[in-house]
Amino acid sequence: MGEYDVLVIGSGSAACSAALRAAKGGLRVLVIEKSEWLGGTSAMSGAGVWIPANHVAAEAGIADSREDALAYLRAVAPEGWEQKEDALWGAFAKAAPDMLHFLSVNTPLDFRLINEPDPFAEAPGGKLYGRMLSPRPLSRRLLGKFARSLRRSTLPHSFTYQEIVDLDLYHHPIRAGIRQPSP
Ligand SMILES: Cc1cc2nc3c(=O)[nH]c(=O)nc-3n(C[C@H](O)[C@H](O)[C@H](O)COP(=O)(O)OP(=O)(O)OC[C@H]3O[C@@H](n4cnc5c(N)ncnc54)[C@H](O)[C@@H]3O)c2cc1C
């Protein structure tokens, strides 16, 4: 088995991001997965991510901040949640932009902004655009020997969150099927 500095349990996006971060930091990492398939629920998802104050929006000239993100989370959370969850919201607002940047630099993932507003864009700290992203589709062949073990999506696997939103898949399934998503 060898010796490792870090043992990562599971192979979903949280586990794999943590494993990559540790490995890039020079630690020896072992990822273990209980299922015969890799990727967990993450592999079945549309991969849409809500990341405020992200570098993709900043490069597009969209103003946002970690402070606005935290103000938004506090404003829209159900009453009574703040007491238990505020530390988590603060940690998310602080770390999520760096996480997205780290993954963009260190993996083939190419995150693009999705034309989707915050669900309560009118709330304090809310934004109409710039926080919702989706990676462009990738070939599973990139996984090499692990490609056959990747868990299949429950969605038609060609559809990422970006394609679903841009093509308006659920309202116009046939038109979406013959159109290409915007680059
Ligand atoms: C169809 C669908 C679409 C979705 N679309 C989106 C979306 O667009 N945007 C979004 O934000 N969310 C979406 N979600 C939700 C999102 O996929 C999950 O919240 C997310 O993937 C959870 O990631 P994770 O890394 O925490 O866990 P998972 O991806 O579930 O990974 C956990 C892994 O750990 C393994 N494991 C568990 N216990 C052990 C153990 N004891 N030993 C070893 N391995 C273990 C599991 O087998 C699994 O592989 C969607 C979900 C579904 C089902």
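This is a chat about a predicted model of a protein with a ligand, covering the ligand's surroundings and the two domains.

Biologist: Which residues come nearest to the ligand?

Modeller: There are 20 residues around the ligand, and those that come nearest are Ala 14, Glu 33, Thr 41, Ser 42 and Gly 48. By class, this shell has six nonpolar, 12 polar and two charged residues.

Biologist: And which helix gives the most to that shell?

Modeller: Helix 2 does, with four residues, although helix 1 (13–24) and helix 2 (40–44) each supply at least two residues.

Biologist: What polar backbone atoms lie by the ligand's nitrogen or oxygen atoms?

Modeller: A polar backbone atom of Gly 46 is 3.1 Å from a nitrogen atom of the ligand, while one of Gly 40 is 3.4 Å from an oxygen atom of the ligand. In Ala 47, a backbone N or O atom likewise lies 3.4 Å from a ligand oxygen. Of the 1,000 Å² of accessible area that the ligand has on its own, the protein covers 57%.

Biologist: Where does the ligand lie with respect to the domains?

Modeller: It lies between domain 1 (1–34) and domain 2 (48–178), because both of them give residues to the shell around the ligand.

Biologist: How many residues of the two domains are in contact, then?

Modeller: Four residues of domain 1 are in contact with four of domain 2, and the area buried between the domains is about 370 Å², with carbon and sulfur atoms giving 78% of that. On the domain 1 side, Ser 17, Leu 20 and Lys 24 lose the most area to domain 2, together 80% of what that side buries.

Terms used
Residues numbered from 1 in each chain as written. Predicted model: local features only at pLDDT ≥ 70, side-chain atom pairs only at ≥ 80, totals over all residues. Heavy atoms only, no water. Near = heavy atom within 4 Å. Polar contact = N/O pair within 3.5 Å; in protein donor to acceptor, adjacent residues only side chain to side chain. Areas by Shrake-Rupley, 256 points an atom, 1.4 Å probe, with all protein chains shown as cover. Nonpolar A, V, L, I, M, F, W, Y, C, P; charged D, E, K, R; others polar. Domains from an automatic or database assignment. Contact = heavy atoms within 4.5 Å. Buried area = accessible area lost by both parts, 1.4 Å probe.
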